[in-house]
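Colleague: I have a model open on my screen and would like to understand the words used for it. Could you take me through a few of them?

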Amino acid sequence: MAYSPFRHIGSIAWKRRPIQLTFFLTKSCNARCPFCFYLSRGSNSGHGPELSPDEIERISASMGRLLWLAFSGGEIFLRDDLADIVKTFYDRNKPSIILLTTNGLLTNVVQAKTEAILEYCKESSVVLKLSLDGPEEVHDSLRGTAGAFRKALETYAMLRGFIGAYPNFELGINSVFCAANQDRMGGFMEFVRGLDKTMTHTVSLIRGKVQNPLLKNVDMEKYLEIGKKLEADLHDGLTGVYRFRGARLKAAQDILQRRLIHDTAVQAKRLIPCYAGRLNLVLTETGDVYPCEAFDRKLGNVREAGYDIKTILKADKTLAAIKAIADSGCHCTHECYFMTNILFNPGQYPSLLKEYLRLRFSSAALSG
């Protein structure tokens, strides 16, 4: 039986431990994207060697079961031990959803490591998001790599063969929405829709500190229009939705999330409570722990805490950081954090239920 996300329903009331971990596995990359966190952080991106498999196993052992385990970077497939790291968390933390991200430049490597993960992690939904940020010339420019678009499509063509072979596999496209591609995104969505067997297309609003701040000059009305188009596609059945348990609920959350992100960016303030540091944690490749990817409230380093996440979470520094997050009203548009901020907030349930029922009835009408 698959690891159901509903195992974590108790966290709606008791937000006492992280159930979502974002692990920045490496800052190494074979592309040079101007919205990369590592490029913007420069020398402030942490010091020391990357966490070893043995160190990661000790960290994993100090954590409980996870709902959502997201691997980020850098290009995570540059780590030779990626599959072994994923297996460690799978064995110890039994994540319902494992998210892998890639720029798709290493087709053969992505194929081998993804298949190894799928073969082993059969009770988790394994979601692989391939980055495509627009038409060929736009994508190659944003990724700072000639031929990146065509290489990514080659990787996509290889990955789609896993969909029928592994029922726990989800293949999706993710596009970073920024000033450089906002006028081309609508047409590009038509291209993505035409890709055979693509299950989902997510459009992530550029966020955080980036190397080229001009990319953040986004017309939020254009972002809103893209959100409406994605929503219409879901209701019209023109694109697939997630196949794991609770898939329709996740799709409803996505719709609500895009609206909240738009309103948060326009109003420049937090609109719903944030559970960073309580339900969500960020771990970097050098062992630094943060409540979120803003990287401005370091909670500690696992190497200094005996690789025990619980020790860090109980520290006064962490409790102070969580209080500061609650009191400061800081706001962001991080999609992964909006997921828990919506799904584990009863105040959002009326809106969530409305979208869920709309999806259910539209699906019934199409099948009828």
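Modeller: Happily; we will go through a helix pair, a buried side and some backbone angles.

Colleague: What should I know about the model and its numbering?

Modeller: This is a predicted model, in which local features need pLDDT of at least 70, side-chain atom pairs count only at pLDDT 80 or more, and totals for chains, interfaces and linings use all residues. Residues are numbered from 1 along each chain as its sequence is written, and side-chain values use heavy atoms, with hydrogens and water left out.

Colleague: Why are H2 and H3 called roughly parallel?

Modeller: Angles under 35 degrees count as roughly parallel, over 145 as roughly antiparallel, 65 to 115 as roughly perpendicular and the rest as oblique. The axes of H2 (residues 53-61) and H3 (residues 82-93) cross at roughly 20 degrees and come within 9 Å. H2 and H3 are therefore roughly parallel.

Colleague: Which residues meet where H2 and H3 touch?

Modeller: With contact meaning heavy atoms within 4.5 Å, Ile56, Glu57, Ser60 and Ala61 of H2 meet Ile85, Thr88, Phe89, Arg92 and Asn93 of H3. The residues of this contact divide into 4 nonpolar, 3 polar and 2 charged.

Colleague: How do you know that the buried residues are on the same side of H2?

Modeller: Buried means under 20% relative accessible area, exposed over 50%, and partly exposed in between (1.4 Å probe, protein chains only). In H2, the buried residues are Glu55, Ile56, Ile59 and Ser60. They cover an arc of only 140 degrees around the axis, so they sit on the same side of H2. The buried residues of H2 pack against strand S1 (20-26), H3, strand S7 (280-283) and helix H11 (309-314).

Colleague: What makes Lys94 partly exposed, and Phe295 buried?

Modeller: Lys94 has a relative accessible area of 24%, so Lys94 is partly exposed. Phe295 has 16% relative accessibility and therefore counts as buried.

Colleague: What is the phi of Lys94, and what is that of Phe295?

Modeller: Most residues other than glycine have a negative phi, and most peptide bonds are trans. Lys94, in the loop between H3 and strand S3 (97-102), has a positive phi near 45 degrees. Phe295, in the loop between strand S8 (288-290) and strand S9 (300-301), has a positive phi of about 55 degrees.

Colleague: Which peptide bond is cis?

Modeller: The bond from Gly73 to Gly74 is cis, with omega near 25 degrees. Gly74 lies in the loop between strand S2 (68-73) and H3.

How values were computed:
Axes fitted to C-alpha atoms, helices over the stretch in contact; angles between N-to-C directions. Helix = DSSP H or I, 4+ residues; strand = E, 2+ residues; numbered from the N terminus. Nonpolar A, V, L, I, M, F, W, Y, C, P; charged D, E, K, R; others polar. Arc of directions from axis to C-beta.
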